[in-house]
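Please open the structure in the viewer and keep the selection tool at hand. The tour goes from one residue to its helix, then to other places and the whole chain.

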Amino acid sequence: MLGRESNLRAVGLLMMLAAVPSIGIGIFALAFGIAEAVGILPDKPTILAAPSNPAYADEILVGVVGTAFLAWGGWLWHGARALRRLEAGGKPAAYAYGVASLLGFPLGTLIGVAVLALVSGRRSTYALSPEYRAIVAATPEIRAKLSIVTKVAICALVLAVGLVLMAVAMSLLQD
């Protein structure tokens with residue numbers, strides 16, 4: 001059971017790592033959409049001057065996408081914190097994260113399958129129960145170490161996020 005507990009906590013950490021850039025992108029896109037809409041950006045008329053103009057659809061779309069990223073990141077962060085505390089409230093976000101990870105072929109697909117397999121099942125339901133949390137609280141000296149598979153998955157995700165952030169930074173510097 002200790003292995004399942006540590007793997008659920010590791011999934012929570014993966015979800016936190018996915019939530020941070022999503023929240024950052026959401027904040028940036030939302031702020032950019034608002035800045036475009038109210039005319040803070042130079043050489044751009046404000047959306048408030050002509051709200052029915054279809055030329056402003058991109059500002060609205062940027063704001064909507066920013067809001068969606070922000071909501072997704074916040075939900076992932078909330079679910080990740082629940083999984084790290086071994087609370088069942090993190091399961092829906094973990095399922096959504098697993099399904100979304102299936103789209104990232106090939107590494108994301110493997111992570112998505114692993115997350116879905118790990119979160120579903122009797123052992124996970126028990127590990128996320130109040131009874132098991134009471135046992136963990138009563139025996140704080142007993143802890144499991146992360147498995148090598150989990151460590152590799154965490155390292156791969158950190159590397160992938162780092163490479164994506166570097167690619168974005170490099171493309172911004174070239175402009």
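Select Gly-79 first, together with Met-15, Gly-90 and Ala-93: Gly-79 touches these three when residues up to four places away in sequence are not counted, a contact being heavy atoms within 4.5 Å. This is a predicted model, in which local features need pLDDT of at least 70 and side-chain atom pairs count only at pLDDT 80 or more, while totals for chains, interfaces and linings use all residues. Residues are numbered from 1 along each chain as its sequence is written, and side-chain values use heavy atoms, with hydrogens and water left out.

Gly-79 belongs to helix α2, residues 57-84. Helices here are DSSP runs of H or I with at least four residues, strands are runs of E with at least two, and both are numbered from the N terminus. With a relative accessibility of 1%, Gly-79 counts as buried; the term means under 20% relative accessible area, exposed means over 50%, and partly exposed lies in between (1.4 Å probe, protein chains only). Add Pro-21 to the selection: its C-alpha atom is separated by 16 Å from that of Gly-79, and the two residues are 58 residues apart along the chain.

Next, select residues 2-38, which form helix α1. The expected span is 1.5 Å times one less than the number of residues. For the 37 residues of α1 this gives 54 Å, and the end C-alpha atoms are 53 Å apart, which agrees. Just after α1, Gly-39 has a positive phi of about 85°.

Within α1, display the side chains of Phe-28 and Phe-32, which are four residues apart, about one turn of the helix. The structure holds three aromatic pairs. In the pair of Phe-28 and Phe-32, the ring centres are 6.2 Å apart and the planes lie at 15°, so the pair is stacked. Rings of Phe, Tyr and Trp (its six-membered ring) pair if their centres lie within 6.5 Å; planes under 30 degrees apart count as stacked, over 60 as edge-to-face and the rest as tilted. Phe-28 is exposed, at 60% relative accessible area, whereas Phe-32 is partly exposed, at 34%.

Finally, show the whole protein chain. Its secondary structure comes to seven helices and zero strands. The C-alpha trace spans about 65 × 35 × 25 Å along its principal axes. Of the 175 residues in the chain, 30% are buried.
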